[in-house]
Amino acid sequence: LHDFNDCAPSKVGVPTLLLHGDQDPYTSIDAQRHLFENLGCSDKAWVILPNSDHAVHLLKDRQDSFVRSLVWWLYRKEDMFNLSR
């Protein structure tokens, strides 16, 4: 878990989706805000999932919000998956 303490967000230059459960016992909102604000990319989004913890993708009653957020991110640009070009 502490391996990420040395993460340099400014070196992240790829599109980034940050998903954060509002009840995450491992990572505070302030730590997530710092990470998000210091990412080295302009194409980024931060989604705070309500009533969710660190493993929201494993919570059966919360998976829908996780999946909806991920699908939104993947399809946020209309022509991203246009294969007819």
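How far apart should the end C-alpha atoms of helix α2 be, at 1.5 Å a residue? The legends below begin with the whole chain and then take up that helix. The model is predicted.

**Figure 1. The whole chain holds two helices and two strands.** Along the sequence, these elements follow the pattern β-α-β-α. The chain has 85 residues, and 25% of them count as buried. Its accessible surface comes to about 6,400 Å². Carbon and sulfur atoms account for 55% of that surface. Consider the contacts between residues at least 6 apart in sequence: 65% of them join residues at least 24 apart.

**Figure 2. Helix α2 covers residues 63-74.** This helix has 12 residues. At 1.5 Å a residue, it should span 16 Å. The end C-alpha atoms are 16 Å apart, so the model agrees with the expected span. Ser65, Ser69 and Trp73 are the buried residues of α2. They lie on the same side of the helix, because they cover an arc of only 70° around its axis. What do these buried residues pack against? Their partners are the strands β1 (16-21) and β2 (44-49).

**Figure 3. A nonpolar patch lies on the surface.** Five residues form it: Val67, Leu70, Val71, Leu74 and Tyr75. Together they have about 430 Å² of accessible area. Val71 belongs to helix α2. Is Val71 buried or partly exposed? Its relative accessible area is 41%, so Val71 is partly exposed.

**Figure 4. Leu49 is a buried residue of strand β2.** The relative accessible area of Leu49 is 3%, under the 20% limit for a buried residue. Which residues does Leu49 touch, leaving out those up to four places away in sequence? The list is Leu19, His20, Gly21, Asp22, Val56, Ser65, Phe66 and Ser69. Two of these contacts, Ser65 and Ser69, are also buried residues of α2. Leu19 is 30 residues away from Leu49 along the chain. Even so, the C-alpha atoms of the pair are separated by 7.1 Å.

**Figure 5. Gln32 sits in helix α1.** This helix covers residues 29-37. Gln32 has 9% relative accessibility, so it counts as buried. Its contacts are Leu18, His20, Thr27 and Trp46, with residues up to four places away in sequence not counted. His20 is on the contact list of Gln32 and also on that of Leu49.

**Figure 6. Asp30 and Arg33 form a salt bridge.** How many salt bridges does the whole structure hold? A search finds three. In this one, the closest N and O atoms are 2.8 Å apart. The two residues are three apart in helix α1, so about one helical turn separates them. Asp30 is exposed, with a relative accessible area of 55%. Arg33 counts as partly exposed, at 32% relative accessibility.

**Figure 7. Arg68 and Asp64 form a salt bridge in helix α2.** Their closest N and O atoms are 3.2 Å apart. Why does about one helical turn separate Arg68 and Asp64? The two are four residues apart in the helix. Arg68 is exposed, with a relative accessible area of 52%. Asp64 counts as partly exposed, at 40%.

**Figure 8. The side chains of Arg76 and Asp43 meet in a salt bridge.** The N to O distance is 2.6 Å. This pair links distant parts of the chain, 33 residues apart. Arg76 lies in the segment after α2. Asp43 lies in the loop between α1 and β2. Arg76 counts as partly exposed, at 23% relative accessibility.

**Figure 9. Asn51 has a positive phi.** Its phi is near 55°, and the residue is not glycine. Where is Asn51 placed? Asn51 belongs to the loop between β2 and α2. At 51% relative accessibility, Asn51 counts as exposed, because the cut-off for exposed is over 50%.

Terms used. Residues are numbered from 1 along each chain as its sequence is written. This is a predicted model: local features need pLDDT of at least 70, side-chain atom pairs count only at pLDDT 80 or more; totals for chains, interfaces and linings use all residues. Side-chain values use heavy atoms; hydrogens and water are left out. The expected span of a helix is 1.5 Å times one less than its number of residues. Buried means under 20% relative accessible area, exposed over 50%, partly exposed in between (1.4 Å probe, protein chains only). The arc is that of the directions from the helix axis to the C-beta atoms. Contact means heavy atoms within 4.5 Å. Patches are made of residues with over 30% relative accessible area and no salt bridge: like charges are joined within 9 Å, nonpolar side chains (Val, Leu, Ile, Met, Phe, Trp, Tyr) within 5 Å. Accessible areas come from the Shrake-Rupley method with a 1.4 Å probe; for residues, only the protein chains shown count as cover. A salt bridge is a side-chain nitrogen of Lys or Arg within 4 Å of a carboxyl oxygen of Asp or Glu.
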